[in-house]
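User: I am new to reading structures and would like to know how the labels are justified. Please take me through them one at a time.

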Amino acid sequence: MPEAFVAGLNDNTRSKVIDLLNARLSDVVSLALATKQAHWNLRGPGFIGVHELLDEVADRLRESSDLIAERAVILGGYAHGTAEVVAEKTTMAPYPLEERDIQIHIEALRERFLDVGGKVRGAIAESGEIGDDDTEDLFTEVSRQIDKDAWFIGANAPAKP
C-alpha cells in the first residue's frame, strides 16, 4: 500500500476504509452524472428553476466526490473514479436516458438520491465500526448534503393528496 498521510490507523483499517470510500465514490459520481442527464434533457413547467437547481446540485456532488476520492488517497490508497470503474461498480439504478418530462426526472432523481443517501448513511456507521472517525465525519458531511439536495429536488414534485 502506498504511503499514507494519517497516523493512528493500521494497514488493515486503512484498506477497509479505502474500499468503502471507493464504493461510495462510484455511487456519488453516478448520481452526479444522472443529475446532469436530467439537467440537459428535462422539459416542462418550472423548467428554468429545476434546470438551474440541478446544475448547482451536480456541482455539490462533484465536491462530495472530491472529498471522498481525496480521503482514499490520504489514507494511502487510490481513488477509482474513472467512467469505466463507476459504470462497473455503481450500485445505483440506471438513469433513464431518453426522457424529457420534468416530473419523471424529479421522481427518478428523488429515488436515486434516497438510495445513494441511504448507502452513504450506511458508510457512516461502517467507517465508525472500522475505527476511522474522520471518514465517519466525511460521510456525515456528504450525507447531509445529499439529504438537502434530495429535499430541494423533491420540493418540485406536485403535492401528494
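User: Where is the place of Gly128?

Analyst: This is a predicted model. In the model, Gly128 belongs to helix 4.

User: Why does Gly128 count as partly exposed?

Analyst: Its relative accessibility is 26%. Buried means under 20% and exposed means over 50%, with partly exposed in between. The value for Gly128 falls between the two cut-offs, so Gly128 counts as partly exposed. As for its surroundings, the C-alpha atoms of Gly128 and Val17 are separated by 9.8 Å, although the two residues are 111 residues apart along the chain.

User: How do you know what span is expected for helix 4, and what does it reach?

Analyst: Helix 4 covers residues 102-130, which is 29 residues. The expected span is 1.5 Å times one less than the number of residues, and for helix 4 that is given as 42 Å. From first C-alpha to last, helix 4 reaches 41 Å, close to the expected value.

User: What is found at the start of helix 4, and what follows helix 4?

Analyst: At the start, a side-chain oxygen of Asp101 comes to within 2.9 Å of the backbone nitrogen of Gln103. The cut-off for a polar contact between N or O atoms is 3.5 Å, and this pair is within it. After helix 4 comes Gly131, with a positive phi near 110 degrees.

User: Why is Val57 called buried?

Analyst: The relative accessible area of Val57 is 0%. Buried means under 20%, so Val57 is buried. Val57 is found in helix 2. Leaving out residues up to four places away in sequence, Val57 touches Thr35, Phe113, Asp149 and Ile153. Val57 and Asp149 are 92 residues apart in sequence, yet 6.5 Å apart from C-alpha to C-alpha.

User: Is Ser64 buried or exposed, and which residues does Ser64 touch?

Analyst: Ser64 is another residue in helix 2. At 5% relative accessibility, Ser64 is under the 20% cut-off and therefore counts as buried. Not counting residues up to four places away in sequence, Ser64 touches Val28 and Val142.

User: How many residues has helix 2, and what comes just after helix 2?

Analyst: Helix 2 has 28 residues and reaches 40 Å from its first C-alpha to its last, close to the 40 Å expected at 1.5 Å a residue. Just after helix 2, Gly76 takes a positive phi of about 95 degrees.

User: Where is Ala79 found, and what makes Ala79 partly exposed?

Analyst: Ala79 sits in the loop between helix 2 (47-74) and helix 3. Its relative accessible area is 35%. That value is neither under 20% nor over 50%, so Ala79 is partly exposed. Ala79 touches Asn22, Leu25, Ala69 and Val73, with residues up to four places away in sequence left out. Ile102 is 23 residues from Ala79 along the chain, and their C-alpha atoms are separated by 34 Å.

User: How many nonpolar, polar and charged residues has the lining of the largest pocket?

Analyst: The lining has 12 nonpolar, five polar and no charged residues. Asp, Glu, Lys and Arg count as charged, so none of these four is in the lining. The largest pocket holds about 250 Å³ of space. Among its 17 lining residues, Ser30, Leu33, Ala34, Val86 and Met92 lie nearest the centre.

User: Which helix gives the most to the lining of the largest pocket?

Analyst: Helix 1 gives the most, with six residues. Helix 1 (11-41) and helix 3 (83-89) each supply at least two residues of the lining.

Methods: Residues are numbered from 1 along each chain as its sequence is written. This is a predicted model: local features need pLDDT of at least 70, side-chain atom pairs count only at pLDDT 80 or more; totals for chains, interfaces and linings use all residues. Side-chain values use heavy atoms; hydrogens and water are left out. On a 1 Å grid over the protein atoms alone, a cavity is a set of points where a 1.4 Å probe fits but cannot get out, and a pocket is an open set with protein on both sides within 12 Å along at least five of seven lines; lining residues have an atom within 4 Å of a point. Grid points are joined across faces, edges and corners, and a volume is the space filled by probe spheres set on the points. Helices (H or I, at least four residues) and strands (E, at least two) are DSSP runs, numbered from the N terminus. A polar contact is a pair of N or O atoms within 3.5 Å; within protein, one must be able to donate a hydrogen and the other to accept it, and residues adjacent in sequence count only if both atoms are side-chain atoms. Buried means under 20% relative accessible area, exposed over 50%, partly exposed in between (1.4 Å probe, protein chains only). Contact means heavy atoms within 4.5 Å.
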